[in-house]
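User: Could you walk me through this structure before I go back to the bench?

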Amino acid sequence: MKPAFIFLIISACGSATYHLSQKALNGATNAQPMLILNLIYGAAWLMTLLLIPFFGKVSVQEIHQIVLDWKVWTVAFGTMLVELGFVLAYHSGGSVQWSGVAVGGMAALLLLPVGLLVFHEPFSWTKFMGILLTLSGLYFLMKK
């Protein structure tokens, strides 16, 4: 089995845990969304801090270089938007069974022009059919 596939399985398990926990959190607290996100990020920070030794040594220069990289800050901003969107969606009664799929489909559609124009990724009829299927899937997922 390819390592990338194993890593995607880890990510999928994390995503499922994330969505189930977010949905369970919905009725359990009426706390302010930004407070919830701060506690989630604090716990995640602590867990990742404890895992650093398993991934190799870290130098002060490396930390300095990463902190000053604008791409790290845009990833953080995107992560915060994802988290906030799900906190608010589940708080307003969003469904755990379709929310992740809907967001993934919408994100793929938003990234399509970026992939084509910025990264010069190829386009084909099969990808066009995938877009149509994604749009029809989103229609059926969002339909009441």
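Analyst: What follows covers salt bridges, a helix and a pocket. This is a predicted model, in which local features need pLDDT of at least 70, side-chain atom pairs count only at pLDDT 80 or more, and totals for chains, interfaces and linings use all residues. Residues are numbered from 1 along each chain as its sequence is written, and side-chain values use heavy atoms, with hydrogens and water left out.

User: OK, how many salt bridges turn up in the whole structure?

Analyst: The search finds 1 salt bridge, meaning a side-chain nitrogen of Lys or Arg within 4 Å of a carboxyl oxygen of Asp or Glu. The side chains of Asp69 and Lys71 form this bridge, at 3.1 Å from N to O.

User: And are those two buried or exposed?

Analyst: Asp69 is partly exposed at 23% relative accessibility, and Lys71 is partly exposed at 43%, where buried means under 20% relative accessible area, exposed over 50% and partly exposed in between, with a 1.4 Å probe and protein chains only.

User: Switching topic, which residues of helix 1 are buried?

Analyst: They are Tyr18, His19 and Gln22, and what covers them includes helix 4 (70-91) and helix 5 (99-117). Helices here are DSSP runs of H or I with at least four residues, numbered from the N terminus.

User: How far does helix 1 reach?

Analyst: Helix 1, residues 3-28, spans 37 Å between its first and last C-alpha, close to the 38 Å expected at 1.5 Å a residue, the expected span being 1.5 Å times one less than the number of residues.

Technical notes:
Helix = DSSP H or I, 4+ residues; strand = E, 2+ residues; numbered from the N terminus. Contact = heavy atoms within 4.5 Å.
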